[in-house]
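Please look over the sequence and the model below before reading on. The paragraphs that follow go through a few selected places, one after another.

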Amino acid sequence: MALAKRANELGMDILLDFHLSDFWADPANQIKPKEWMGLSFDELKVTVHEYMENTLNDFANAGVVPEMVQVGNEISSGILHDDGKVENDDTKFEDLGELLESAISGVRESKAANTKVVLHLDQGGKNELYTWWFGNLLKYVPDLDFDVIGLSYYPMWHGTMEGLQYNLNYLSSKYDKEVCVVETAYAWTTDDAEGSGNVFIEGDQNIAGYDATPEGQKAFMSDLEDIILNVPNGKGIGFFYWEPEWVPVEGGTYATQAGVDYKSDTVTPSNTWDNMTLFDFKGNALSSIKVLNQPTSNLLENSSFEADGVVNSPLSWNTWVKDFDKEDVIKTEYGNAFDGDYKLTFWDDEDYSCSIYKTFSNIPNGTYRFSVWAMTNGNQDVLQLYAKNYGGDELNTTITTSDINWNIYTIDEIEVTNNTCEIGVYTEASANDWCNLDFAMFRLVD
């Protein structure tokens, strides 16, 4: 409560994460509070309802109404074990569903009734977990009243960035929910300040694909930010960095010995997260702390080609076709879009070359990123994103075969030094080669 008041006074929004345990909770640890151990299942439903309602009333009476509330933390194995535990028996989701319904009804009957309710799982890059979990849960409680799907995502443990993007897009579309990465972090070093070991070790950077440096940390977070911003229809609402200030001070630890004993663990209480902070070992802010700045806006207007229906020259874009009498090789089309209702297509029944592009002038110098979602048969002689006239050599990224799913293609590190830049997509194609484009983004990242 004291911490929430401090955050509220500083104008921060608040996510209140109910772990529903006397200790922290994760998939391996969903230990029922000691005072609830002897309750029957029906008594437990009433108790968790009252606990949520009363706690939120206490917060509201103190002038703090959370913007979001998590009903449990990383609950892929359920909550309040063993009553709400789910493993290999899909029928156990019926009991979990009843407990979640009771908890959420406690939120809705409190003075914080309009707060967004979050259901949070781990393994954010693994869509199969989410389809199994939400598919089974909503089979038993199809009208469960929640607003946001929360995900933990650590790239060294939780799958690829491409897997995360697919999962976020799938979940937001399938369940018509907002999505939020409610836990993420990355190492800025593999050194260990307090000698108890680290959770992120040397080989993890090879798995994750980013250097364990402040620059690598920032690169990961910038890519993650782009992934969230690229969720269709604005349903990617943000991320929480966990835990940015866990610096190696004397006595700093994740638990007391009593907490370790409570969950029957043998680990020594320690801080194994000190290389995952946004501060160095002496508490000085790293350059990567800039990832917490407000994301810059997309400079492209009509970025999803929705502005003017079916046309050959979409609003706010320039087009070029090698043969002037073939302007219809470029057009917007309705249906099967990545974002919204329309997409842009390249196609002709004869050989063709064309491009769509945008020229920016009087933009601030700095580092930019250009991305676009694409689907193509991939047989073109040339099909690529490009960036040029920015003060350096032309940059290109090839769009490859992707006729089954939409995929994102990006040019990073466009170092604008002359306040101008031209970005676009260019192709040299044979008859019947095709490409669909949607949701382009060009934004300042540093």
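## A walk through selected residues

Leaving aside neighbours within four places in sequence, S270 is in contact with E194, S196, W246, G252, T253 and Y254. The model is a predicted one, and in this model S270 has its place in the loop between α8 (257–262) and β9 (318–321). Its relative accessible area is 10%, and because buried means under 20%, S270 counts as buried.

A second buried residue can be found in a helix: F59 belongs to α2, which covers residues 41–61, and F59 has a relative accessibility of 9%. When residues up to four places away in sequence are not counted, F59 touches M1, A4, L16 and V64. E413, by contrast, is separated from F59 by 354 residues in sequence and by 45 Å in space, taken from C-alpha to C-alpha.

From these contacts the reader may turn to charged side chains, for a search of the whole structure finds 21 salt bridges. One of them joins K235 and D176, with an N to O distance of 3.1 Å. K235 lies in the loop between α7 (214–229) and β8 (236–241), while D176 lies in the loop between α5 (161–175) and β7 (178–184), so this salt bridge ties together parts that are 59 residues apart in sequence. The two partners are not covered alike, since K235 is buried at 18% relative accessibility, whereas D176 is exposed at 54%.

Another salt bridge is formed by D348 and K326, whose closest N and O atoms are 3.5 Å apart. This pair, too, links distant parts of the chain, with D348 in the loop between β11 and β12 and K326 in the loop between β9 and β10 (330–334), 22 residues apart. Both D348 and K326 are buried.

K331 and E333 also meet through their side chains in a salt bridge, at 3.9 Å from N to O. Here K331 is partly exposed, with a relative accessible area of 32%, and E333 is likewise partly exposed, with 27%. Salt bridges can also be joined into a network, as they are for D223, E225, D226, R369, D412 and R443.

Which residues form a negative surface patch? The patch is made up of D323, D325, E327, D328 and D349, and the last of these, D349, lies in the loop between β11 (342–347) and β12 (352–361).

Key:
Residues numbered from 1 in each chain as written. Predicted model: local features only at pLDDT ≥ 70, side-chain atom pairs only at ≥ 80, totals over all residues. Heavy atoms only, no water. Patch = residues over 30% accessible without salt bridge, like charges linked within 9 Å, V, L, I, M, F, W, Y side chains within 5 Å. Areas by Shrake-Rupley, 256 points an atom, 1.4 Å probe, with all protein chains shown as cover. Salt bridge = Lys/Arg side-chain N within 4 Å of Asp/Glu carboxyl O. Lys, Arg positive; Asp, Glu negative; His and termini not counted. Charge placed at Lys NZ, Arg CZ, Asp CG, Glu CD. Helix = DSSP H or I, 4+ residues; strand = E, 2+ residues; numbered from the N terminus. Buried < 20%, exposed > 50% of the residue type's maximum accessible area, 1.4 Å probe, protein only. Contact = heavy atoms within 4.5 Å.
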